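Thanks, everyone, for making the time this morning. I would like to walk through one chain with you, and I will begin with how far we can trust it before turning to the fold and a few side chains.

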Amino acid sequence: NFGVLKEAFNHRLPAKFRNTANSMTSLTFRLGFFILGPIIGFIIDEYGVSKALIILGVFFASMGIFYTRLMLRRL
């Protein structure tokens with residue numbers, strides 16, 4: 001659940017950095033939409049919705065594997 005992750009994130013930060021860290025997280029999330037939106041729109045126009053969903057699935061699965069490997073390496 002997103003609320004659990006946000007609570008854990010906020011719990012680990014000192015109070016004086018909490019607002020800045022939450023703002024940076026929000027900015028990163030919005031930048032992701034800003035960058036991916038036009039790319040996905042172009043793919044939908046050129047190749048269709050099903051191809052765009054496949055590309056998104058591959059992208060997010062590969063990012064998930066990449067970040068999981070990074071976290072496991074730190075353990």
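What is the mean pLDDT of the chain, and what share of its residues reach 70 or more? This is a predicted model, and the mean pLDDT is 91, with 97% of the residues reaching 70 or more. Confidence does vary along the chain: helix H3, residues 49-74, has the highest mean pLDDT of the elements, at 95, while H1 has the lowest, at 81. As a general caution, where pLDDT is low, the predicted coordinates should not be read in detail.

Turning to the fold, the chain contains three helices and zero strands, so that, read from the N terminus, the order of elements is α-α-α. The C-alpha atoms fill a box of roughly 45 × 30 × 20 Å along the principal axes, and the radius of gyration is 16 Å, whereas a compact globule of 75 residues would come out near 11 Å. Of the 75 residues, 7% count as buried, and the chain exposes about 6,900 Å², of which carbon and sulfur atoms supply 69%.

Let me take one residue from the N-terminal part, Leu-5, which sits in helix H1, residues 2-12. Is Leu-5 buried or exposed? With a relative accessible area of 60%, Leu-5 counts as exposed, because the cut-off for that class is over 50%. Between the C-alpha atoms of Leu-5 and Gly-48, which are 43 residues apart along the chain, the separation is 34 Å.

Now to the aromatic side chains, where the count comes to three pairs. One of them joins Phe-29 and Phe-33 in an edge-to-face arrangement, with 5.2 Å from centre to centre and 75° between the planes. Why are Phe-29 and Phe-33 separated by about one helical turn? Both lie in helix H2, residues 15-47, and they are separated by about one turn because they are four residues apart in that helix. Both Phe-29 and Phe-33 are exposed.

Another of the pairs is formed by Phe-59 and Phe-60, again edge-to-face, at 5.1 Å centre to centre and with 70° between the planes. Phe-59 has a relative accessibility of 34% and therefore counts as partly exposed, and Phe-60, with a relative accessible area of 49%, is likewise partly exposed, since the exposed class begins over 50%.

I will stop there and take your comments.

Conventions
Residues are numbered from 1 along each chain as its sequence is written. This is a predicted model: local features need pLDDT of at least 70, side-chain atom pairs count only at pLDDT 80 or more; totals for chains, interfaces and linings use all residues. Side-chain values use heavy atoms; hydrogens and water are left out. Helices (H or I, at least four residues) and strands (E, at least two) are DSSP runs, numbered from the N terminus. Buried means under 20% relative accessible area, exposed over 50%, partly exposed in between (1.4 Å probe, protein chains only). pLDDT is the predictor's confidence in each residue, from 0 to 100. The radius of gyration is taken over C-alpha atoms; the globule rule is 2.2 Å times the number of residues to the power 0.38. Accessible areas come from the Shrake-Rupley method with a 1.4 Å probe; for residues, only the protein chains shown count as cover. Rings of Phe, Tyr and Trp (its six-membered ring) pair if their centres lie within 6.5 Å; planes under 30 degrees apart count as stacked, over 60 as edge-to-face and the rest as tilted.
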